[in-house]
Number of protein chains: 2
Amino acid sequence: MADREKHPNTPRITKNARLVLDILRQVGQPLTAYEVLDRIRPQGITAPTTVYRALERLVECGLIHRLETLNAFVSCGREEVHGPSAIAICTDCHGVIEMQNDAVPGYLYGWAETKDFTVTSLTIEILGQCSQCRIKPEPNVDSE
Amino acid sequence: MADREKHPNTPRITKNARLVLDILRQVGQPLTAYEVLDRIRPQGITAPTTVYRALERLVECGLIHRLETLNAFVSCGREEVHGPSAIAICTDCHGVIEMQNDAVPGYLYGWAETKDFTVTSLTIEILGQCSQCRIKPEPNVDSE
DNA sequence: AATGTTATGTTATATTATATCATCATTTAA
DNA sequence: TTAAATGATGATATAATATAACATAACATT
């Protein structure tokens, strides 16, 4: 409630949004909408629409990120995110590293401005391999 | 052919890739795979698979970009692209502006390195409104 | 010609996302 | 206190995006 007072233009966190947020926080990794749905079924949620609505709300609240390159959603590293961030995603373990530095967004906004382009959203995603997974590569099933 | 000599690890441009590339170049705007399919049907192509294969090849060749935020594909502004670029996409007219500057990718690579993260791909997309569309807004259907 | 390799064709299906409309809950205002 | 308005949820259907799997064709090499 304090949240709402501080950020009155932000949608409130409804019952379903709460359920979805808890799942994403508990997992700590990106999940697709349907993966969320599978985990939320025990709570009586059966329709994709329901999950998508909750996810959309949470994105608007800045509590989760949508990862365009994975078609998935992940809870923010910090409690809440303000302004755009860059996200590195390990394609092996699906771990996520967030960068909250303003430098890159700042630069991109600046560039957009020179093109007389009005920015409404910024997506910066980096796919690759985290240090853990480089050291200890995916256990290969048929490595004879 | 000179191309293949210069970039031997790049897939060659096959018949279908050629067809798709020509369409994307002619249109000059992002198209979804199925929009490409519609325009390529007259050439006897009927299956999504065929289009996706061609698109994948063209992305590998660096001749087109995949736009993650639109699930669409657009031919490169330049003949061919080397290294990652930032792309601004107008949500009104779907026009695309490419930035080929190395600064941002360089910064992001640097950041990834500090996290000991090995980058395999970089996606930078900016959604918003181009100057044209800000001046002359979308003709609103029911503006009474 | 036999073989291997790459590209293409064909069918089916998986995955991701939205539209639509009905119902329920909560607030607002008469 | 009810009526109206608004916002959230539920339920069903379907749209839009993408891939799997396997068959055939084209082409190069031997």
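A residue counts as near a strand when one of its heavy atoms lies within 4 Å of it. With that in mind, welcome to a predicted model, in which the largest share of the surface near DNA strand D, four residues, comes from α4(A).

## Around DNA strand D

Let us stay with this strand for a moment. There are 16 residues around DNA strand D, and those that come nearest are A:Arg12, A:Arg53, B:Tyr34, B:Thr49 and B:Arg66. Both chains therefore appear in this list of nearest residues, as the letters A and B show. Sorted by class, the surface near DNA strand D holds four nonpolar, seven polar and five charged residues.

How much of the contacted part of DNA strand D belongs to sugar or phosphate? Of its atoms within 4 Å of the protein, the figure is 46%, and the rest belong to bases.

Some individual atom pairs bring this surface into focus. A:Arg53 places a polar side-chain atom 2.5 Å from a base nitrogen of DNA strand D. The side chain of A:Arg57 has a polar atom 3.1 Å from a phosphate oxygen of this strand. From chain B, an N or O atom in the side chain of B:Asn71 is 3.4 Å from a phosphate oxygen of DNA strand D. Two or more residues of the surface near DNA strand D are given by each of α2 (15–27) and α4 of chain A, together with α4 of chain B.

## Around DNA strand C

Now for the other strand. Which residues come nearest to DNA strand C? Of the 16 residues around it, they are A:Tyr34, A:Thr49, A:Arg66, B:Arg12 and B:Arg53. Sugar and phosphate make up 44% of the atoms of DNA strand C that come within 4 Å of the protein.

Here α4(B) gives the largest share of the nearby surface, with four residues. At least two residues each are supplied by α4 (48–61) of chain A and by α2 (15–27) and α4 (48–61) of chain B. The residues of the surface near DNA strand C divide into four nonpolar, seven polar and five charged.

The side-chain atom pairs with DNA strand C include these:

| Residue | Atom of DNA strand C | Distance |
|---|---|---|
| A:Arg66 | phosphate oxygen | 2.5 Å |
| B:Thr49 | base oxygen | 3.3 Å |
| B:Arg53 | base nitrogen | 2.4 Å |

## How the two chains relate

Next, the protein copies themselves. A turn of 180° and a shift of 0.0 Å along the axis lay chain B on chain A with an RMSD of 0.0 Å. The two copies are thus related as by a two-fold rotation axis. Which residue of chain B comes closest to the rotation axis? That is B:Ile124, with its C-alpha at 2.3 Å.

The copies meet through the same surface, because 100% of the interface residues of chain B are also interface residues in chain A.

A pair of helices shows one place where the chains touch. Helix α5 (residues 103–114) of chain A and helix α5 (residues 103–114) of chain B have axes that come within 10 Å and cross at roughly 175°. Angles over 145 degrees count as roughly antiparallel, so α5(A) is roughly antiparallel to α5(B). The residues in contact are A:Ala103, A:Val104, A:Tyr107 and A:Leu108 of α5(A), along with B:Ala103, B:Val104, B:Tyr107 and B:Leu108 of α5(B). What classes of residue make up this contact? It has eight nonpolar residues, no polar ones and no charged ones.

## Inside chain A

Two helices of chain A are also worth a look. The axes of α2(A) and helix α3 (residues 33–40) of chain A come within 10 Å and cross at roughly 105°. That crossing makes α2(A) roughly perpendicular to α3(A). On the α2(A) side, the contact is made by A:Leu19, A:Val20, A:Ile23, A:Leu24 and A:Val27, and on the α3(A) side by A:Val36, A:Arg39 and A:Ile40. By class, this contact of α2(A) with α3(A) has seven nonpolar, no polar and one charged residues.

Finally, meet A:Glu98, which lies in strand β4 (residues 96–99) of chain A. Its side chain and that of A:His65 are joined by a polar contact of 2.7 Å. A polar atom of the A:Glu98 side chain also lies 2.5 Å from the backbone nitrogen of A:Gly77. A:Glu98 and A:Ser85, 13 residues apart in sequence, are 6.7 Å apart in space from C-alpha to C-alpha.

Methods. Residues numbered from 1 in each chain as written. Chains lettered and ligands numbered in written order. Predicted model: local features only at pLDDT ≥ 70, side-chain atom pairs only at ≥ 80, totals over all residues. Heavy atoms only, no water. Polar contact = N/O pair within 3.5 Å; in protein donor to acceptor, adjacent residues only side chain to side chain. Nonpolar A, V, L, I, M, F, W, Y, C, P; charged D, E, K, R; others polar. Axes fitted to C-alpha atoms, helices over the stretch in contact; angles between N-to-C directions. Parallel < 35°, antiparallel > 145°, perpendicular 65-115°, else oblique. Contact = heavy atoms within 4.5 Å. Least-squares fit on C-alpha atoms with pLDDT ≥ 70 in both.
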